[in-house]
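Let's take a look at how a ligand sits in its protein, and at the strands behind the site. Have the viewer open as you read.

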Amino acid sequence: MRIGLMGGTFDPVHYGHLVIAEVARAEFSLDRVIWIPAGDPPHKDHAVTPQEHRHAMVLLATASNPHFVVSRLEMEREGPSYSIDTIQHFQREAPAAELFFITGADTILELLTWRRHEEVIRACRFLAVTRPGFDLTRLSGVLPASYLEQISLLTGPGVDISSTHLRQRVREGRPVRYLIPEPVEDYVRKHRLYQR
Ligand code: ATP
Ligand code: MG
């Protein structure tokens, strides 16, 4: 069993997320990609949308892909969401499985800021997918060689969408059609998320 872990805040989930998860799944023959919306972090520079909304949007976005499942693990855990706890949970739950952590370029470039990153990098292979505006060729100057061995670089289609930008667009009343799946768009509208 080859399992991909797709962590994020997903506030809201968008096609940038979906496409990197699918590129990683296809290129590494992953049997399953587990989407793990982060819990509500106590300290963040902006107020994060309540986790039940973010979870519901990820469910809607991933429903049509039989390889994608959504986990409530980080939502149900007390305190801040650390990836090391999540990875160790799945190591215990599926000891025979091979774990792959899927990230965009911006996230892998910040790996040394993660809690217990020495253990994180030993516990699973990272699949780092290109993201416009973030230069993956810088990685060798940022991370030690032992870390680079555990990271595979993947070229995605380079979709320049971010949740930050989407929240701003909704706030300004501009369209988000074709940037997020339609059911997510309907959900945002129905629940009046990201309004002023
Ligand atoms: P925000 O602007 O709020 O930070 P975001 O769009 O960066 O939102 P996150 O939930 O922070 O989304 O990201 C979850 C994961 O998806 C991270 O590993 C991030 O690098 C990756 N990711 C997000 N958007 C893209 C994108 N457009 N292309 C490639 N990777 C992406
Ligand atoms: Mg981000």
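## The β-α-β unit

Start with the fold: β1, α1 and β2 form a right-handed β-α-β unit. Keep in mind that this is a predicted model.

Strand β1 has partners to look at in turn. With β2 (residues 32–37) it runs parallel, joined by 6 bridges, and Gly7 sits opposite Ile36 of β2. With β4, β1 is parallel too, this time through 5 bridges; here Leu5 faces Phe101 of β4.

## What surrounds ligand 1

Which elements give the shell around ligand 1 at least two residues each? They are β1 (2–8), α1 (15–27), β4 (98–104), α5 (105–108) and α9 (163–171). So much for the scaffold; now the residues themselves.

There are 21 residues around ligand 1, and the ones that come nearest are Asp106, Thr107, Val159, Ser163 and Thr164. Sorted by character, the shell holds 13 polar, 5 nonpolar and 3 charged residues.

## Polar contacts and burial

How far is an oxygen atom of ligand 1 from an N or O atom in the side chain of Thr164? That distance is 2.4 Å. The side chain of Arg131 also offers an N or O atom, 3.0 Å from a ligand 1 oxygen. Gly104 takes part through its backbone, with a polar atom 3.1 Å from an oxygen of ligand 1.

As for burial, ligand 1 on its own would expose 600 Å², and the protein covers 88% of that.

Notes
Residues are numbered from 1 along each chain as its sequence is written. Chains are lettered from A and ligands numbered from 1 in the order in which they are written. This is a predicted model: local features need pLDDT of at least 70, side-chain atom pairs count only at pLDDT 80 or more; totals for chains, interfaces and linings use all residues. Side-chain values use heavy atoms; hydrogens and water are left out. A residue is near a molecule or strand if one of its heavy atoms lies within 4 Å of it. A polar contact is a pair of N or O atoms within 3.5 Å; within protein, one must be able to donate a hydrogen and the other to accept it, and residues adjacent in sequence count only if both atoms are side-chain atoms. Accessible areas come from the Shrake-Rupley method with a 1.4 Å probe; for residues, only the protein chains shown count as cover. Helices (H or I, at least four residues) and strands (E, at least two) are DSSP runs, numbered from the N terminus. Ala, Val, Leu, Ile, Met, Phe, Trp, Tyr, Cys and Pro count as nonpolar, Asp, Glu, Lys and Arg as charged, and the others, Gly among them, as polar. Two strands pair if DSSP finds at least two bridges between them. A crossover is right-handed if, with the strands pointing away from the viewer, the path from the first strand over the helix to the second runs clockwise.
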